[in-house]
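Please walk through the structure below with the text at hand. The account starts from one pair of residues and works outward.

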Amino acid sequence: MRVLGVDPGLTRCGVGVVEGVAGRPLTMLGVGVVRTPADADIGHRLVAIERGIEEWLDAHHPEMVAVERVFSQHNVSTVMGTAQASAVAMLCASRRGIPVTLHTPSEVKAAVTGSGRADKAQVGAMVTRLLRLDAPPRPADAADALALAICHIWRAPAQNRLQQAVAAHHARKGHTA
């Protein structure tokens with residue numbers, strides 16, 4: 001499975017592509033950050049993020065896109081920008097028919113480090129170790145994007161089994177899923 005992880009942000013939108021399956025060593029195919037100038041207007045910034053995400057989709061042809069689920073923060077303007085960047089990533093993938101899954105920050109941290117309360121340094125260290133890299137990807141947004149992709153690869157088999165079980169239950173009861 002090839003997954004593009006997206007850590008959304010207006011100034012720095014982390015992107016990372018990981019390939020592999022649960023239970024086997026994973027391979028990083030690319031990592032980076034789509035940057036936009038903080039002083040540009042929002043429309044131009046969103047177009048720049050769209051172009052950047054489209055370039056990653058063109059270059060890596062992921063089967064899935066995993067995006068960090070936006071959660072309420074104290075700074076409303078920050079959460080709005082993050083949500084807008086998240087929507088651009090979801091739109092780019094959906095336009096191409098690529099499935100999108102959202103993962104919460106604590107879900108990603110727990111999957112990669114074993115603790116949903118891990119800090120950025122711990123996530124970066126585990127991403128480095130899991131992908132056999134020489135150093136943690138910088139900035140942290142890039143490491144977070146890889147962590148999203150890893151989380152999705154590891155959790156997808158369980159999520160698929162759960163969805164199949166729910167569909168089978170509905171079929172037995174005469175419902176449609």
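In this predicted model, begin with V15, which stands opposite G32 in strand β3. The two strands concerned, β2 (residues 12–19) and β3, run antiparallel and are joined by eight bridges. Helix α1 packs on the sheet and touches β1 (2–7), β2, β3 and β4. The direction of α1 makes about 165° with that of β3.

Now take the sheet as a whole. It is an open sheet of five strands, in the order β3-β2-β1-β4-β5, and its pairing is mixed. Strands β3 (27–35) and β5 stand at the edges with a single partner strand each, so one side of each has no neighbour in the sheet. On average, neighbouring strands of this sheet are turned by 20° against each other, with direction ignored.

At the β5 edge, the pairing is parallel: β4 and β5 are linked in that sense over four bridges. One of the partnerships is that of V65 with V100 in β5. Along β5 (residues 100–103) the side chains alternate. T101 and H103 point to one face and are buried, while V100 and L102 point to the other face and are not buried.

H103 leads back to β4, since H103 is among the contacts of E68. E68 is located in strand β4 (residues 64–68), and a UniProt record, an unreviewed entry, places the feature "binding site" there. Is E68 buried or exposed? Its relative accessible area is 16%, and buried means under 20%, so E68 counts as buried. Leaving aside neighbours within four places in sequence, E68 is in contact with V6, D7, P8, S86, H103, P105 and L148.

Return to helix α1 (residues 42–60), where H60 lies. H60 has a relative accessibility of 15% and counts as buried. Not counting residues up to four places away in sequence, H60 touches R2, V17, L29 and G30.

The last stop is helix α4 (residues 120–130), whose buried residues are V123, G124, V127 and T128. Seen down the axis of α4, these buried residues fall within an arc of 135°, so they line one face of the helix. An α-helix has 3.6 residues a turn, so residues three or four places apart point the same way. On the other side of α4, A121 and R129 are exposed. The N-terminal end of α4 is capped by D119, with a side-chain oxygen 3.2 Å from the backbone nitrogen of A121. After α4 comes R132, whose phi is positive, near 55°.

Technical notes:
Residues numbered from 1 in each chain as written. Predicted model: local features only at pLDDT ≥ 70, side-chain atom pairs only at ≥ 80, totals over all residues. Heavy atoms only, no water. UniProt positions renumbered as here; feature names shortened; annotations may be inferred. Buried < 20%, exposed > 50% of the residue type's maximum accessible area, 1.4 Å probe, protein only. Contact = heavy atoms within 4.5 Å. Arc of directions from axis to C-beta. Polar contact = N/O pair within 3.5 Å; in protein donor to acceptor, adjacent residues only side chain to side chain. Pairing = 2+ DSSP bridges. Axes fitted to C-alpha atoms, helices over the stretch in contact; angles between N-to-C directions.
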